[in-house]
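Colleague: I'd like to go through the labels on this model with you. Can you walk me through what stands behind them?

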Amino acid sequence: MLEDYYQLDRSYYHRGIDDNLYTAKWGMLIQFLDLNDPSLQPFEGTNFALVGFKSDKGVYINNGRVGAVEGPGAIRAQLAKLPWHLGEQVKVYDVGDIDGPNRSLEQLQASLAKVVKRLRDLNLQPIVLGGGHGTAYGHYQGLQASLEPNQQLAVINFDAHFDLRPYDQTGPNSGTGFRQMFDESLQRQQVFPYLILGIQEHNNNLFLFDFVARSKAIQFLTGTDMYKMGYQEICQVIDQFLEGQEHVYLTIDMDCFSAANAPGVSAIQSLGVDPNLALLVLQHIAASGKLRGFDVVEVSPPHDIDNHTANLAATLIFYLTQVLAQVG
Ligand SMILES: [Mn+2]
């Protein structure tokens, strides 16, 4: 049995009886799945699996403002209202949540990793709904476990922050996940191919910039870089990064956007990447055919305004799944 794993309440989405694909909404066509069902066989074709990571413990430990524990529910509510554009063949399952208010961040991350591994084994593409950015370490572990030991997992992170802080004093939290991945890669004597898009200089200390400068496989573009460069030039950087990589994990921290577009995040931003530009770049990454899973994290409903942040998160999922369904 998978630990800390709970199937969704079937009444969660407004499931109408409209199965006309021209008028149906996501909430009508999303199907439920119990990953503990031992009779499940690998699925054919392109299938997506939503899973919620209901924890913002890492944000709390990192002294951030909590609330992202409610992110999965808020994103689902927005997803449910979107029109269905994925046709007849593609299926979207909602397999439920990783949840456990009394469990440690590490325990929940380990449980998420097992669920992600199970999804990959069943040929379901994971879409994890955060949760704080502690989501990333669990998601990464699960994808890594589904690869061969000699295969490398590259990471692209849309984020205002590097999240590369040392954790020897604090323990793991929402700001340390990528440092943990870095350290583990080092132990395996592998480099850690890590590209961060949307860094805000005023939100990262010089220690982190120095750490990145000394780490050959880590690259980044600041939000201002992206503004100056524009779509074509950013895609060149991404293509260079993806060259020689076969397996990519994509994580989107909603604080890569400014408060105007994403007010409901743990760490609110005055500057940020333009959502239209981010969307084009995300579609370009998805079109590489190398994504093994992606997540949208740090949606914090108690701080949101009119669900703008949850809606933007759902919108990104809408467009990303379209591209992923095309590349198969
Ligand atoms: Mn962040």
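Modeller: Sure. A pocket here is an open set of grid points, and its lining residues are those with an atom within 4 Å of a point. Keep in mind that this is a predicted model.

Colleague: Which residues line the largest pocket, then?

Modeller: The lining has 20 residues, and Asn62, His161, Arg165, Ser174 and Ala267 lie nearest the centre. By kind, the lining splits into 11 polar, five charged and four nonpolar residues. The volume comes to about 310 Å³.

Colleague: What makes the residues around the manganese ion its donors?

Modeller: Distance. The cut-off for this metal is 2.8 Å, and the contacts with Asp159 (OD), His161 (ND1), Asp253 (OD) and Asp255 (OD, listed twice) are at 2.2 to 2.8 Å, so they count as donors. Along the sequence the spacing reads D-x1-H-x91-D-x1-D. That links distant parts of the chain: His161 is in the loop between β6 and α6, Asp255 in the loop between β9 and α9, 94 residues apart.

Colleague: Why is His161 called buried?

Modeller: Buried means under 20% relative accessible area. His161 has 14%, so the label holds. Asp255 is at 3%, so that residue counts as buried too.

Colleague: How do you know that β7 and β8 pair?

Modeller: Pairing takes at least two bridges, and five join β7 (residues 194–199) to β8 (residues 218–222), so they qualify as a parallel pair. One of the contacts puts Leu195 opposite its bridge partner Gln219 in β8. With helix α7 (residues 206–214), the two strands make a right-handed β-α-β unit.

Terms used. Residues numbered from 1 in each chain as written. Predicted model: local features only at pLDDT ≥ 70, side-chain atom pairs only at ≥ 80, totals over all residues. Heavy atoms only, no water. 1 Å grid on protein atoms, 1.4 Å probe; cavity = no way out; pocket = protein on both sides within 12 Å on 5 of 7 lines; lining within 4 Å. Points joined across faces, edges and corners; volume = space filled by probe spheres on them. Nonpolar A, V, L, I, M, F, W, Y, C, P; charged D, E, K, R; others polar. Donors = N, O, S within 2.8 Å, 3.2 Å for Na, K, Ca; no water. Helix = DSSP H or I, 4+ residues; strand = E, 2+ residues; numbered from the N terminus. Buried < 20%, exposed > 50% of the residue type's maximum accessible area, 1.4 Å probe, protein only. Right-handed = clockwise from strand over helix to strand, strands pointing away.
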